[in-house]
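Visitor: I am new to reading protein structures. Could you walk me through one, feature by feature?

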Amino acid sequence: QIYTTASNTVGFTTTPSIGRSQVTGLDIFYDGYIAELLIFNAKLSGTDRDYVKNQLGGIYGITVA
């Protein structure tokens, strides 16, 4: 065991941003293209993850790690 805590508080912003990083008070935004963004409402099984990776690889002609 490397780390443990008795507290488990999670918080999410009400104004999420894709490709935004706030470093030392500066807003830094992603400057490029995003081909696809996939959002799931549950954790994918290993089989489902493999299926998604294979589909994306086939669409874009790449090997997805």
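Guide: Here is a short tour of this chain, from its overall layout to single residues. Please keep in mind that this is a predicted model.

Visitor: Let's begin with the layout. How many helices and strands are there in the chain?

Guide: A good habit is to count the elements and then read their order. This chain has one helix and two strands. Followed along the sequence, they come in the pattern β-β-α. The second strand, β2, covers 26-29, and helix α1 covers 46-60, with a loop between them.

Visitor: And what radius of gyration does the chain have, beside that of a compact globule of 65 residues?

Guide: For a compact globule of 65 residues we would look for a value near 11 Å, but this chain has 17 Å. You can also look at the span of the C-alpha trace, which is about 40 × 35 × 25 Å along the principal axes.

Visitor: What share of the residues is buried?

Guide: Here we ask how much of each residue remains accessible, and a residue is called buried when its relative accessible area is under 20%. In this chain, buried residues make up 5% of the 65 residues. The accessible surface of the whole chain is about 6400 Å², and carbon and sulfur atoms account for 55% of that.

Visitor: Could we try the idea on one residue? Is Y51 buried or exposed?

Guide: Let's work it through. Y51 sits in helix α1. The word exposed is used for values over 50%. Y51 counts as exposed because its relative accessibility is 53%. For a sense of distance, Y51 and G32 are 19 residues apart in sequence, and their C-alpha atoms are 26 Å apart in space.

Visitor: What about the segment after α1?

Guide: Two residues there make good examples. G61 is found in that segment, and G61 is exposed, with a relative accessible area of 65%. T63 also lies in the segment after α1, where T63 is exposed with a relative accessible area of 81%. From T63 to F40, 23 residues away along the chain, the C-alpha separation is 21 Å. G61 and G46 are 15 residues apart in sequence, with 21 Å between their C-alpha atoms.

Visitor: Which residues make the nonpolar surface patch?

Guide: To find a patch, look for nonpolar side chains that gather at the surface. Here I18, Y30, I34, L37 and I39 make a nonpolar patch of about 580 Å². One of them, L37, is in the loop between β2 and α1.

Visitor: Now for charges. Which residue forms a salt bridge with D50?

Guide: The general idea is that side chains of opposite charge can pair when their charged atoms come close. In this structure there is one salt bridge. D50 pairs with K53, and their closest N and O atoms are 3.8 Å apart. Both residues lie in helix α1, three residues apart, which is about one turn of the helix. D50 is partly exposed at 39% relative accessible area, and K53 is partly exposed at 30%.

Visitor: And how many positive and negative side chains does the chain have?

Guide: There are 4 positive and 5 negative ones, and the centres of the two sets lie 9 Å apart.

Terms used
Residues are numbered from 1 along each chain as its sequence is written. This is a predicted model: local features need pLDDT of at least 70, side-chain atom pairs count only at pLDDT 80 or more; totals for chains, interfaces and linings use all residues. Side-chain values use heavy atoms; hydrogens and water are left out. Patches are made of residues with over 30% relative accessible area and no salt bridge: like charges are joined within 9 Å, nonpolar side chains (Val, Leu, Ile, Met, Phe, Trp, Tyr) within 5 Å. Accessible areas come from the Shrake-Rupley method with a 1.4 Å probe; for residues, only the protein chains shown count as cover. A salt bridge is a side-chain nitrogen of Lys or Arg within 4 Å of a carboxyl oxygen of Asp or Glu. Helices (H or I, at least four residues) and strands (E, at least two) are DSSP runs, numbered from the N terminus. The radius of gyration is taken over C-alpha atoms; the globule rule is 2.2 Å times the number of residues to the power 0.38. Buried means under 20% relative accessible area, exposed over 50%, partly exposed in between (1.4 Å probe, protein chains only). Lys and Arg count as positive and Asp and Glu as negative; His and the chain ends are not counted. The place of a charge is taken as NZ of Lys, CZ of Arg, CG of Asp or CD of Glu.
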